[in-house]
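Trainee: Could you walk me through how to read a binding site? I'd like the general idea first, then the case in hand.

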Amino acid sequence: MNLDMQWNDLVQEVTHVGAQGDSTQPITGIEYDSRRVRAGSVFVAMKGGSTDGNKFAEKAIASGAAGILTDSSVTFDHLIVYHPEIPILEVEHGRRALAQVSAAYFGHPERSLAATGITGTNGKTTTAFLVESLLNSAARTSILIGTIEYHVAGEVRPSIHTTPESRDVFELLAEGVYRGATELVTEVSSHALDQGRVASIPFDVAVFTNLTRDHLDYHQTMEKYYAAKRLLFDGTVYPAPRVAVINAHDERARQLAAAARRAGAEVRTYGIGQGDWRAVDHKLTPGGAAFTLETPAGSAKVTSRLAGEVNILNLLAAVAAAHARGLTFDQLVTAIPTLQPVPGRFQPVDAGQTFTVIVDYAHTDDALRNLTGLARQMLGGSDGRVITVFGCGGDRDRTKRPKMGAAAGEGSDIVIATSDNPRSEDPLGILAEIEPALRATGKPYIVEPDRAAAIHLAVSKAKPHDIVLIAGKGHEKEQILADRTIPFDDAEVARAALAELGQH
Ligand SMILES: CC(=O)N[C@H]1[C@@H](OP(=O)(O)OP(=O)(O)OC[C@H]2O[C@@H](n3ccc(=O)[nH]c3=O)[C@H](O)[C@@H]2O)O[C@H](CO)[C@@H](O)[C@@H]1O[C@H](C)C(=O)N[C@@H](C)C(=O)N[C@H](CCC(=O)O)C(=O)O
Ligand SMILES: Nc1ncnc2c1ncn2[C@@H]1O[C@H](COP(=O)(O)OP(=O)(O)OP(=O)(O)O)[C@@H](O)[C@H]1O
């Protein structure tokens, strides 16, 4: 961070429409939440979806704020009258101003980093992990920001948001640069693009994985959802990327590619049997996939430990992005077989058993259908069965329960319905709301509220070639029951169940 920064320096860095006062007082922090303001902090008061940060400007001043940035002319007019002692800036867009001021305060770490941003409804986390692994295989030092966790030059941190507020992003970047990072790989959610959480970060490479129905509670229409994603590519609000990597299978691919090209980006498309970066003659195996990688930089046969067609797409996206970041085709081909599945995203648990066990984060009916579909793809023509363990969260959308029951039954040969964070609800009550739809599918099922017992049961029922899917928790490490949060890791429980099976 810039320890010498004064208010008067900061003013130079922010686009503003009004200003009052000046100050040579050193600034000790930038905050967008009044509850985090300490003596010497600058408070950025911005309008939000559920409240208005401007309501808390007085509170921030009482906590010792050294200056205020506001996106409200009413607040600006009020403060210049009642707090003439505090320097104030009025800005047009609160979150973009937050990004500008944070970049400056944290010493412009973005200037020392090449950024790859990944957006899309599905595949962001997986693609981001793969890009980071490819860059690290070429001895680059990276920062990763995403849903599961953050990596700061090799150190793992818990994730707060898929894409945090710009202030928190810049703090991570500054730390990463200090520890030698030269690359940033970040998931960019549509919320982040809409709000400007990644404003002031120039993206060298931008990746678009896909667009399916989601987050309409926030964006309201698919057009607005797409428009938010397009912002990463079209140069209208943020600078256009140098290279745009786009999934050729998506129905928006052509229009997005055209928008990116118009903005001056080099476009690379990818796909299975289509696109400039493509997989041909692919085969799915229980251990992953094998295909010929055909690209403008060369062709080679490769094998991957990541299962399912969607992961071939994620891998192609990552390969095209890492090549844009300067890895050679040979470096990429050498690294591909070493890439590990992402924790909790179609993650195999292998203890040498004759069937497949997969842990996945799928916790919506769509995701569950996707997951059972991937398992069917993997079974191909074999006589293996799909055995699915799943549950539904308590104190959450109850309409999901019958939908999940139907999705599990329709996609599986055997279902074990269990608990998944029952929270304050009775686990048996939740299961009773799942059961009628599950029963209606006509598939054999068992209700076992104890999640560990359910996983043991599924593993004990598996025969050679079967696929056991453990859905819902993915990378999560806890189960929330009534007033307790207990450690719980699906992959570990599955490993214990496999070890027990091995002893019999
Ligand atoms: C819909 C959404 O994006 N909400 C985020 C947003 O809230 P908001 O704009 O409504 O802010 P607000 O609560 O109205 O507050 C306005 C301002 O007042 C401030 N405030 C508030 C209270 C107070 O006492 N003092 C104070 O200063 C707040 O810090 C904020 O600056 O800004 C808040 C502060 O950073 C976030 O905590 C909040 O995330 C909520 C909890 C959330 O659930 N966000 C999800 C939807 C999200 O962003 N998800 C995407 C991933 C989606 C995906 O792909 O799955 C993500 O990138 O994580
Ligand atoms: N390229 C893809 N296309 C469609 N579905 C995918 C793709 N990649 C992954 N999936 C499915 O979406 C699930 C979530 O994958 P991933 O975590 O990589 O995506 P994400 O965009 O980060 O989503 P989330 O924010 O929910 O974590 C996977 O378990 C898989 O079932």
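Mentor: Sure, start with polar contacts: a polar contact is a pair of N or O atoms within 3.5 Å. Here a polar side-chain atom of lysine 124 lies 2.9 Å from an oxygen atom of ligand 2. For threonine 126 the distance from a polar side-chain atom to an oxygen atom of ligand 2 is 2.5 Å, and for arginine 345 it is 2.4 Å. As for covering, the protein hides 85% of the 620 Å² of accessible area that ligand 2 has on its own (Shrake-Rupley method, 1.4 Å probe).

Before we go on, this is a predicted model, where local features need pLDDT of at least 70, side-chain atom pairs count only at pLDDT 80 or more, and totals for chains, interfaces and linings use all residues. Residues are numbered from 1 along each chain as its sequence is written, chains are lettered from A and ligands numbered from 1 in the order in which they are written, and side-chain values use heavy atoms, with hydrogens and water left out.

Trainee: How many residues surround ligand 2?

Mentor: A residue is near a molecule if one of its heavy atoms lies within 4 Å of it. By that rule 14 residues surround ligand 2, with Gly123, Thr125, Thr126, Arg345 and Asp360 the closest.

Trainee: Which helix gives the most to the shell around ligand 2?

Mentor: Helices are DSSP runs (H or I, at least four residues), numbered from the N terminus. Helix 5 gives the most, with three residues. Helix 5 (124–137) and helix 11 (309–324) each supply at least two.

Trainee: And ligand 1, which residues are the closest there?

Mentor: The closest are Gly49, Thr51, Arg95, Glu165 and Ser189, out of 24 residues around ligand 1. As for contacts, a polar side-chain atom of aspartate 33 is 3.5 Å from a nitrogen atom of ligand 1, while an N or O atom in the side chain of arginine 35 is 3.3 Å from an oxygen atom of ligand 1.

Trainee: Why does ligand 1 lie between domain 1 and domain 2?

Mentor: Domain bounds come from an automatic or database domain assignment. Both domain 1 (7–105) and domain 2 (109–338) give residues to the shell around ligand 1, so ligand 1 lies between them.

Notes
Polar contact = N/O pair within 3.5 Å; in protein donor to acceptor, adjacent residues only side chain to side chain.
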